[in-house]
Amino acid sequence: MEMRLASIQTRNRGSIAGNVCHGDPAGDPAPVFIALGASLKLSSAKGDRIVKIDEFYTDYFETVLQHNELLTEIQVPPVPAFTGTAYSKFNIIQCDMATVGVAATVTLSGKDGVCKDVKIGMGAVAPTAKRALKAEDVLRGKKITDKLLNEAGEAAATETEPISDIHASADYRNEVLKIMVRRMVAEALSQANKA
Ligand SMILES: Cc1cc2nc3c(=O)[nH]c(=O)nc-3n(C[C@H](O)[C@H](O)[C@H](O)COP(=O)(O)OP(=O)(O)OC[C@H]3O[C@@H](n4cnc5c(N)ncnc54)[C@H](O)[C@@H]3O)c2cc1C
């Protein structure tokens with residue numbers, strides 16, 4: 001899954017753990033890790049705990065991290081057979097943060113093309129990066145068609161709390177999100193069919 005993130009200078013200085021812990025809802029890595037089903041190991045002098053990334057964020061720039069904890073591992077489970085992944089963000093300036101970001105992972109049952117599992121991570125459309133659970137429900141267990149892709153986009157747009165700012169209005173973000181969900185699931189599906 002390609003992640004187009006900032007400039008070369010920013011990529012060389014910033015760390016993935018720092019980006020994840022910063023909790024910016026427009027960050028690129030969080031939706032990707034959500035779509036990959038990642039878990040985070042949070043460590044302190046008292047021991048470790050594992051938190052699923054979709055339970056890590058609580059509000060704008062807020063996480064469940066305690067003051068005595070560090071993120072010490074990002075655990076990404078092995079990708080099953082017949083799986084495809086995709087991520088893209090919509091923004092005006094190439095190196096800028098996402099106006100909307102969407103990541104998708106699609107796993108097929110086999111050559112029958114039935115969607116066995118799907119995870120969709122959304123960025124910049126709510127106070128935190130989050131999973132599009134209703135959109136996933138539209139697709140799981142079915143053979144994905146254009147009609148279902150449209151329905152998934154519509155469902156995802158009901159799971160958001162977008163803001164209006166200098167980059168885009170809330171309504172515009174939701175419209176872009178619908179298209180991005182369709183495109184990213186379609187791209188992940190295409191890769192899964194080739195896997
Ligand atoms: C010009 C510019 C463009 C950018 N464009 C993008 C972009 O396109 N996409 C994108 O996603 N981001 C973008 N960013 C954000 C940037 O990627 C993040 O700020 C960076 O990744 C943070 O990493 P860091 O290592 O510097 O973290 P820091 O700034 O050092 O840390 C961020 C926060 O996390 C905490 N922290 C850091 N590491 C840990 C840890 N291991 N455990 C617990 N807490 C920790 C710190 O205490 C701090 O509160 C951009 C930033 C700039 C300046």
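A residue is called buried when its relative accessible area is under 20%. By that cut-off K41, at 19%, is buried, whereas its salt-bridge partner D48, at 52%, is exposed. Keep in mind as you look around that this is a predicted model. The tour below visits two open sheets, one of four strands in the order β6-β7-β8-β9 and one of three strands in the order β2-β1-β5. After the sheets come the salt bridges, 14 of them in the whole structure, and a nonpolar surface patch made of Y60, F61 and I163.

**The three-stranded sheet**

- The strand order here is β2-β1-β5, and the pairing is antiparallel.
- β2 and β5 (70-75) are the edge strands, each of them pairing on one side only.
- From one strand to the next, the twist averages 25 degrees.
- Six bridges hold β1 (residues 39-44) and β2 (residues 47-52) together in the antiparallel sense.
- These two strands, β1 and β2, make a hairpin, with two residues between them.
- If you would like to check the register, S43 has D48 as its bridge partner in β2, and K41 has I50.

**A closer look at S39**

- S39 belongs to strand β1.
- Its relative accessibility is 14%, so S39 counts as buried.
- What does S39 touch, leaving aside its neighbours within four places in sequence? The contacts are I50, V51, K52, I53, E73, I74 and Q75.
- I50 appears in that contact list and is also the bridge partner of K41.

**The four-stranded sheet and helix α6**

- β6, β7, β8 and β9 follow one another in that order in an open sheet with antiparallel pairing.
- β6 (83-90) and β9 (130-131) are at the edges, and because each has a single partner strand, one side of each is left without a neighbour in the sheet.
- Helix α6 (residues 170-194) packs on this sheet and touches β6, β7 and β8.
- The direction of α6 makes about 30 degrees with that of β7.
- Inside the sheet, β7 (residues 100-108) and β8 (residues 115-123) run antiparallel and are joined by eight bridges.
- A handy landmark for this pair is L108, which stands opposite C115 in β8.

**Salt bridges**

- Side chains of opposite charge can pair when their charged atoms come close.
- In the hairpin region, the side chains of K41 and D48 form a salt bridge, at 3.9 Å from N to O.
- R140 and D117 form another salt bridge, with their closest N and O atoms 3.0 Å apart.
- R140 sits in the loop between α4 (133-139) and α5, while D117 sits in strand β8, so this pair ties together parts that are 23 residues apart in sequence.
- How accessible are the two partners? R140 is partly exposed, with a relative accessible area of 28%, and D117 is partly exposed as well, at 26%.
- R140 and D117 also belong to a network of salt bridges, whose other members are D54, K119, R131, E136 and D137.
- The side chains of K178 and E154 meet in a salt bridge too, at 3.4 Å from N to O.
- K178 is in helix α6 and E154 in helix α5, so the pair ties together parts that are 24 residues apart in sequence.
- K178 is buried at 14% relative accessibility, whereas E154 is partly exposed at 43%.

**A nonpolar patch on the surface**

- Which residues form the nonpolar patch on the surface? They are Y60, F61 and I163, and together they have about 260 Å² of accessible area.
- I163 lies in the loop between α5 (146-157) and α6.
- With a relative accessible area of 37%, I163 is partly exposed.

Conventions
Residues numbered from 1 in each chain as written. Predicted model: local features only at pLDDT ≥ 70, side-chain atom pairs only at ≥ 80, totals over all residues. Heavy atoms only, no water. Pairing = 2+ DSSP bridges. Contact = heavy atoms within 4.5 Å. Axes fitted to C-alpha atoms, helices over the stretch in contact; angles between N-to-C directions. Patch = residues over 30% accessible without salt bridge, like charges linked within 9 Å, V, L, I, M, F, W, Y side chains within 5 Å. Areas by Shrake-Rupley, 256 points an atom, 1.4 Å probe, with all protein chains shown as cover. Salt bridge = Lys/Arg side-chain N within 4 Å of Asp/Glu carboxyl O. Buried < 20%, exposed > 50% of the residue type's maximum accessible area, 1.4 Å probe, protein only.
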